[in-house]
Each structure stands twice: as structure tokens, then as C-alpha cells.
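Trainee: I'm new to reading models like this one. Could you give me a close look at a single part, and then show me how it sits in the rest of the chain?

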Amino acid sequence: MTTSARGSGGRMTDDWLERVRAASDLVEIVGQTVPLKRVGRNWVGLCPFHAERTASFSVSAERQLYHCFSCKAGGDVFKFVQETEKIEFLEAVEWLSRRAGIGVPERRGERSSLKGAIGEALELAATSYEQWLRDPVGGARVRAALAARGLRDETVRQFRLGLAPEGWTPLVDRLRPRISEETLIQAGLALRREGGEARGVYDRFRQRLMIPLIAPGGAVVGFGARALGDENPKYLNSPETPVYHKSSFLFGLEQARRALTADGELIVVEGYFDVITLHQAGIVQVVATSGTALTADHAHAFRRLVPRVALTFDGDRAGREATMRSIGILLAEGLEMRVVDLPPGEDPDTLVRSSGVEGWNERRAAAYDAVEFVHRHVQGAALNAGAARADALERAIQAIVGLAAGLADPIRGKLMLQRSAEVLGVGEAVLARAISLRRRGQDIETPVRAAVREHQGVEEGLERLLLRGLIQALQTLNEVRQRLSPEDFRDHTCRALALWLWAGNPGLPKNGPEADLARELAVGGSDQMDWAAEVRGATVRMVERRLKQQLKECKHRLNETSGAAETERLMQEIQTIARSLRELST
Ligand SMILES: [Zn+2]
């Protein structure tokens, strides 16, 4: 730790560091976060880094070190401040330095450096945009629009929203006395006019709502600029600069970081206003990427902050593919993840504005894990698009194998296999084999196909038996219709035939794959069989299959939810399903 400190710009003298250390008592600093009790030579309390009921967190006043015997968190006073304040080492030293009343050495060589100058330009720009938004005349229309959107003044101030006014050079004109044209360009605030240096520079952002991109610690590193009307593009972001890297920047982290806990969750949304609206609604542990899809750098940053990430999904096709990529990135980083399914066409911003924080909480409680997401949105979407059941399942397995092959942790891999076997109904062994083939870079099409065929055999066997019985003993249809619906058929063709039969059509279907299936079942029947009895037996097994699937889903939800009302509801549902299952077997 001290090695990296010495590397940062030469101002980090050991002298200053040791003065800050000597002036900062770890017991006192920890004591502000965690109530501590003296036990022998040490102080003990509940660990702030994991949820626990018996104290396993211990602080040594003598050695100025802390250690958790349960989660193994530990370190010195700088580490403690870094972890609890979610800041970098240097910031932690400055934080403690200010706290102890020790002067923070001037960032010499940094203030005059390019980054320092760019930072100053960005901060002055943010302040200017804020003032323009507050202007009684010039900012009135935009302030009214923000208020109409439900944004409170306090939120506007907290996120430092601003206004870039009309005209080509208001910002340039305002900053020019203090900031050089070259710096304005490097900060991404200005562009050079065509025709070279003699022609000067003009503002990059004009007539837009300005959303500063603020790094943890409070420094403005760039801007997102939203169109005030229907102009394109709707959002204009700062270009990459020495201080703004879109592949690692997280919007909202500055506002979220203090609320993050070591057993907590970070919600990742798409838009700046999703962050702002959720934040205002009291859900503060939320961030958005900025002008890019989720990257491994982002995931790496999450890993340092929380164990769990919740993504949102708005139901469109492009979103589905992006979500699959994001899931892969998060799982590969060793994070737990959930996908919050939004109503079609909604984003967190519109959802919270229309149905409040309850609307969001309801969706969050029903979030999917990776395997369920694949089940619902990869397999489900393929089925809805008319793919055969086997093809849809194959696509789902391919997706799962892709995700599982990227997992570094064998225990998580094992859990994912179990969950996939449960949700998709395919054998763990087959999946495991496909994953190890994929890891070795070999073709997995053949083993996956084989697994799908085997799976199909069992599923189709039952469904075909029932349909065959119905065709042979049509008088049983009314009774079956009361217990099963066409949706209970998993095979695409079987479901199509069931739909046709359930609709009460006379005879057999004439067109489509269901016609071929109906013919095959009709001619294959033997009249030696008691078909009515076969139908009754197959119906019971189909109902049982549906109930077991529902039970599995409820139990899984129960493990996920923390809401009391939701828990109560699920417990009741589980009881109802269990009762139905018992009645079925008597
Ligand atoms: Zn701990």
C-alpha cells in the first residue's frame, strides 16, 4: 500500500503519511461506525463488512489493526477508511488528514499538470451550467420541465444538473479569462472552428440539459448533455479525455457509494435519469454506464464494492442480447447477479414515475437469476418467434454453456449446473460435458443436440400419449380441458395440436405440423387399449409436472425475497401447491 503511495506524484511524503497515521486512532474511527466493547487487550464489535449477530470483528489499539475472524476483512486505519468510505488510498489519507487538522500537501506538479488544468476547466464549466439553470429568466423553461418530470430542487442540486444556453460561445467566453483554448478542447468542452487556430473555438454543448459526470470524491470528469427538444442525438456525451474513460466510468457512484455495504447490491441501469429518479425515490445504490455497454472494467469496480448486481431488462431484442453479454461479464467477475424484468416499453425512470417505489420493489422481488433469464428470454423468445421446442431448448443450453464456461469458480459452476438442470429440465452430466468441451475450444453442437433429443423423448412421450388418447377417445376432452390448458404442453407441435383440439374443432387439423402429428397419432392407436384410462393417467402426470414446476419457482423466489409481504404470499402459495400435489396422489 505504501509503495503505491510513494509512486503518486512525489507529494506523498512518508512524513505526512506517518503524521496522519499517528494522529488517527483506529479504535476511535471504527467506533464511529461500529459500537465497540473492550475485551482484554482488544476491542470487539459487529463486523461492518458482513452481516452477523455475534461479534467477530476485533480492533487492536496497540497494533492499530482490525480483523474480522469471520469474513477475514482486515487492515490498518487507511484501509478501514478506504473500505467504509469507498474511496482510494490517497483520498483516505487526505480524509484522515483533514479530520486530524493536518494540512493536506498541495497537489504540486499535479495542479499544473494537464489533468489538473482539465479538472479545473470541468469544475468551472459545471458551476457555470448550474448558474445558467438557476438564472431567473434563462433557466425558467428548463427548470419548469424538470419540475414537471417530478424532479425536486434538492435532487437537481445533488446531481448538479445545469443548462448549456443558446449561442455558439457562452461557455468559452465565460471561461476564457482563466482557461486556455487548448485546455477547453482537451477537456471536451470546446471544438476548434474549421479554418484553423486563427478562427478560435466554440462550445461543444449548446442548448442542452447538462448532467455532470462526477467521479467518486466529487471531481467532475465530463458531461452527459440531453437535448431539450427532439433534436438528435438525444444524448451527447463528453469525448474520451485524460480524465474521462467511458469504459470504466459509472454514473451515480459518487452519490451511491456511502450507501453500499459489503453484503449489499448495486443496481445497474441504462440511463442517467433512471439513476436520478431511483435515487430521488430513495433507492440510492444505483449506477449507470455512460455511453457504452457494461465492460469488464465496470464489473471489476463492482466487485470491490458489493457482491451482487441487479441489471434491468426492458424486453426488446437488442436489450436481450446486451443483457446476455452483461450477465456473462458479471458472472465471469465472480459477482452474483439478478435481472429485473421491466414491463415492456418501460425503464426504471418511467416505472417509478408511474407506479412509485412500490412498483420498482415488486419488480425487484421477482427478479430472475441468470438461468431463469435464459429460460424466459432466450428459450421463451425463440418459442414465441415460432421456433420448434427442440431448437429453442438448444439455444437456451448453448447460452447457459457459454455463461458457465466463463465462470472461474467451480462451486458457482456446479450451482449453475444444478439450477439449469432444474429450470431447463436437462441432465447435469450432459451440461457438464458440454461445458468442458467448450472450455477446450471443441464443438458442443453434437452433445447439446443429443441432450435435447433425450429430453424431448421424455417430454414428448407424455404429451403425445395424452394427445393420442384424446384423439382415440374424444369424449374425454371436456374433462381434460378443465384441468389442463394448451400452455401445459411444452413441445411446440403438441401445443399447436392441443390448441386446435381445445378450440372444439371437428375432425383433425388439415394444415401445418400439427396435422402431421394428428394423423400419426390417429393411425397409430390400437383399439385394444383403454384410452379413457390412459388419458386420465397422462392428465394427472401433466398436472403434477406443472405443479412441481410452480413449486420449484415459488421456493426459489422465497430464497430470493426479503420482503415480509412477498414471503407471506409465497408461503401461502407453496402450501396451496403442496396441498394440490397431495390431493393428486390420493
Ligand atoms: Zn466480517
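Mentor: Let's zoom in on one helix and what surrounds it, then step back.

First, some housekeeping: this is a predicted model, so local features need pLDDT of at least 70 and side-chain atom pairs count only at pLDDT 80 or more, while totals for chains, interfaces and linings use all residues. Residues are numbered from 1 along each chain as its sequence is written.

Our helix is α17, residues 389-405. (Helices are DSSP runs of H or I with at least four residues, strands are runs of E with at least two, and both are numbered from the N terminus.) The reason to pick α17 is the largest nonpolar core, which has 100 residues; α17 supplies 9 of them, the largest share. (A nonpolar core joins buried Ala, Val, Leu, Ile, Met, Phe, Trp, Tyr and Cys through C-beta atoms within 7 Å; buried means 20 or more other C-beta atoms within 10 Å, exposed 12 or fewer, partly exposed in between, with C-beta atoms placed from the backbone.) Met210, Val287, Ile397 and Ile400 have the most contacts inside this core. Take Ile400: beyond its neighbours within four places in sequence, Ile400 is in contact with Val371, Val374, Ser420 and Leu431. (Contact means C-beta atoms, placed from the backbone, within 7 Å.)

Now for a packing partner of α17. The axes of α14 and α17 come within 8 Å and cross at roughly 30 degrees, which makes α14 roughly parallel to α17. (Axes are lines fitted to C-alpha atoms over the stretch in contact, with angles from 0 to 180 degrees between N-to-C directions; under 35 counts as roughly parallel, over 145 as roughly antiparallel, 65 to 115 as roughly perpendicular, and the rest as oblique.) On the α14 side you'll find Met324, Ile327, Gly328 and Leu331, and they meet Ala399, Gly402 and Leu403 of α17. By class, that makes 5 nonpolar, 2 polar and no charged residues. (Ala, Val, Leu, Ile, Met, Phe, Trp, Tyr, Cys and Pro count as nonpolar, Asp, Glu, Lys and Arg as charged, and the others, Gly among them, as polar.)

Stay on α14, which covers residues 317-332, and look at Gly319. Gly319 is partly exposed because 16 other C-beta atoms lie within 10 Å. Leaving aside residues up to four places away, Gly319 is in contact with Phe313 and Asp314. Its C-alpha atom is 21 Å from that of Asp391, 72 residues along the chain.

For contrast, try Glu270, in the loop between β12 (265-269) and α12 (272-280). Glu270 counts as buried because it has 20 other C-beta atoms within 10 Å. Past its four-place neighbourhood in sequence, Glu270 touches Ala288 and Asp347. Measure across to Arg364, 94 residues away in sequence, and the C-alpha atoms are 16 Å apart.

Now another helix pair, with another angle. Helices α4 (77-85) and α5 (89-99) pack at about 105 degrees with axes 9 Å apart, so α4 is roughly perpendicular to α5. Val77, Phe78, Val81, Gln82 and Glu85 of α4 make the contact with Phe89, Ala92, Val93, Trp95 and Leu96 of α5. That comes to 8 nonpolar, 1 polar and 1 charged residues.

A few backbone details are worth finding too. Gln64 has phi near 55 degrees, positive although it isn't a glycine, and it lies in the loop between β3 (57-60) and β4 (65-68). Lys72 also has a positive phi, about 70 degrees, and belongs to the loop between β4 and β5 (74-75). Lys72 is exposed, since 11 other C-beta atoms lie within 10 Å. The peptide bond from Asn232 to Pro233 is cis, with omega near -10 degrees, and Pro233 sits in the loop between β10 (220-227) and β11 (235-237). These details catch the eye because most residues other than glycine have a negative phi, and most peptide bonds are trans.

Finally, step back. The chain has 25 helices and 15 strands, and its C-alpha trace spans about 95 × 70 × 45 Å along the principal axes. Of the 586 residues, 34% are buried. Among contacts with a separation of 6 or more, 61% join residues 24 or more positions apart.

Conventions: Two residues are in contact if their C-beta atoms, placed from the backbone, lie within 7 Å.
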